[in-house]
Amino acid sequence: MSSPPQIIIPDQIKPQDGRFGSGPSRVRPESVEALQAVSKTYLGTSHRRPGVREVVQSLREGLHQLFRLPDDWEILLGNGGATQFWDAACFGLIQEQSCHFCFGEFSEKFSRAVAEVPHLNQPALEVSPPGIHPEIVFHPGVDVYALTHNETSTGVAMQLRRPPGTTAREALVLVDATSAAGGMLFDPATLDVYYFSPQKCFGSDGGLWLGAFSPAAIERVEQLHSSGRWVPPTLDLHIALTNSRLQQTYNTPALATIYLTLSTVEWMLENGGLSWAAGRSQASAAVVYDWAEKSDYAMPFVAEPYRSPVVATIDFTEEVAADDVAAVLRANGIVDVESYRKLGRNQLRISLFPIIDAQEEAALCDCIDYVVSQMQPSSTSQP
Ligand SMILES: *Cc1c(COP(=O)(O)O)cnc(C)c1O
């Protein structure tokens, strides 16, 4: 890549906050201030004592309410993030064989982790090219289906449903909701585990996984626990279940991550819950996709009905180098809109997470237009 042109974006058109990454993503300043306010009473205190355990309890109850879960569902949490949850699922949720719907880096990564596990059969795979997703179909003999609500690498969202002809008793539906949870609506009846890391829509920090578990999923965890299968304690979902019920994690968690996540959950609940939060993402999506559709050099990569309301991928015509645009934006303090590397497209990837106001997205679009107009001498007026 050649060095990006020196372009100064005027302050008046810039967004107030330059963070548009799809994870880690923008953290609300109000959450950081709230954390600062409890820095001497909460941070640096024991996670086995009431002060922290009450925050964990509020987080578990808050997510239960936000997701409108039935009473017999439970929120579990543990250290390590969604990637580590995949390894935990290989021990505590998949009995013999899983089926994965792969349509980008994250959905594929889970299937690759499963393929290496000696006590499991090779996973069944349904694969589609980037930009769409495979159809959710039935596979005989499978005891776990792995879906992804939003494929963060490509900006493709999936309408969740159980594969036709299955029930939770035979096959659990696990949904990687890492970049969707908090920004998209879902119906708990369509799935058994909705898991995520909190550094995306929940504008927190990484290192933690959280998951909403149905009674069937909890039953599976208990059943595999009593089957005698060996499991490393840090990946043991039965240990995670026991500890979560005590408002704890098995080993020491990042207390700041827990606090920041709760702060966002409470902000969403105070303002009307998940439909309000998802509405914010939809408003941002309308701004960014409308801008791209009207632009003569940009266009949405993903077509309906696959287009994501939480992560926009925007292709550029070949005359405009997206990497150069991203580099100029970065030099001006607007960061993390680079495309997902492995996708290898001339595009930008823009977070539409609920924390970001639609006006901020509009300002970002203005800045992109400004940068492109300055990069193309033909389209700037000559003095
Ligand atoms: C970010 C992401 C992950 C990985 O999350 P970590 O916290 O880094 O483990 C997994 N799946 C999806 C869909 C993601 O967006």
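The legends below describe close-up views of a predicted model.

**Figure 1. Surroundings of the ligand in the predicted model.** The ligand is surrounded by 13 residues, and the closest are Thr-83, Thr-152, Asp-176, Ser-197 and Lys-200. Two of these threonines approach oxygen atoms of the ligand through their side chains. For Thr-152, a side-chain N or O atom is 2.4 Å from a ligand oxygen atom. For Thr-83, the separation between a polar side-chain atom and a ligand oxygen atom is 2.6 Å. Ala-82 takes part through its backbone, where an N or O atom lies 3.3 Å from an oxygen atom of the ligand.

**Figure 2. Packing of helix 8 against helix 10.** Helix 8 spans residues 274–294 and helix 10 spans residues 358–375. Their axes come within 8 Å and cross at roughly 20°. Because angles under 35 degrees count as roughly parallel, helix 8 is described as roughly parallel to helix 10. The crossing of the two helices is right-handed. Helix 8 contributes Ala-283, Ser-284, Val-287, Val-288 and Trp-291 to the contact, while helix 10 contributes Ala-358, Glu-361, Ala-362, Cys-365, Ile-368 and Asp-369. Sorted by class, the contact of helix 8 with helix 10 holds 8 nonpolar residues, 1 polar residue and 2 charged residues.

**Figure 3. Crossing of helix 1 and helix 7.** The view shows helix 1, residues 29–37, beside helix 7, residues 255–270. The two axes come within 9 Å and cross at roughly 130°. This angle makes helix 1 oblique to helix 7, and the crossing is right-handed. On the side of helix 1, the residues that meet helix 7 are Ser-31, Val-32, Ala-34 and Leu-35. Their partners in helix 7 are Ala-256, Tyr-259, Leu-260, Ser-263 and Thr-264. The contact of helix 1 with helix 7 comprises 6 nonpolar and 3 polar residues, with no charged residues.

**Figure 4. Contact between helix 5 and helix 6.** Helix 5 covers residues 215–226, and helix 6 covers residues 237–245. The axes of helix 5 and helix 6 come within 9 Å, with a crossing angle of roughly 125°. Helix 5 is therefore oblique to helix 6. From helix 5, the contact draws on Ile-218, Val-221, Glu-222 and His-225; from helix 6, it draws on Leu-237, His-238, Leu-241 and Arg-245. By class, 4 residues of the contact of helix 5 with helix 6 are nonpolar, 2 are polar and 2 are charged.

**Figure 5. Cis peptide bonds preceding Pro-24 and Pro-305.** Gly-23 and Pro-24 are joined by a cis peptide bond with omega of about -5°. Pro-24 belongs to the segment before helix 1. The peptide bond from Glu-304 to Pro-305 is also cis, and its omega is near 10°. Pro-305 is placed in the loop between strand 10 (298–300) and strand 11 (311–316).

**Figure 6. Backbone conformation at Arg-68.** Arg-68 is a residue other than glycine with a positive phi, near 50°. The loop that holds Arg-68 runs between helix 2 (50–66) and strand 1 (74–79).

Conventions:
Residues are numbered from 1 along each chain as its sequence is written. This is a predicted model: local features need pLDDT of at least 70, side-chain atom pairs count only at pLDDT 80 or more; totals for chains, interfaces and linings use all residues. Side-chain values use heavy atoms; hydrogens and water are left out. Axes are lines fitted to C-alpha atoms, for helices over the stretch in contact, and angles run from 0 to 180 degrees between N-to-C directions. Helices (H or I, at least four residues) and strands (E, at least two) are DSSP runs, numbered from the N terminus. Angles under 35 degrees count as roughly parallel, over 145 as roughly antiparallel, 65 to 115 as roughly perpendicular and the rest as oblique. A crossing is left-handed if the near helix is turned anticlockwise from the far one by less than a right angle, and right-handed if clockwise. Contact means heavy atoms within 4.5 Å. Ala, Val, Leu, Ile, Met, Phe, Trp, Tyr, Cys and Pro count as nonpolar, Asp, Glu, Lys and Arg as charged, and the others, Gly among them, as polar. A residue is near a molecule or strand if one of its heavy atoms lies within 4 Å of it. A polar contact is a pair of N or O atoms within 3.5 Å; within protein, one must be able to donate a hydrogen and the other to accept it, and residues adjacent in sequence count only if both atoms are side-chain atoms.
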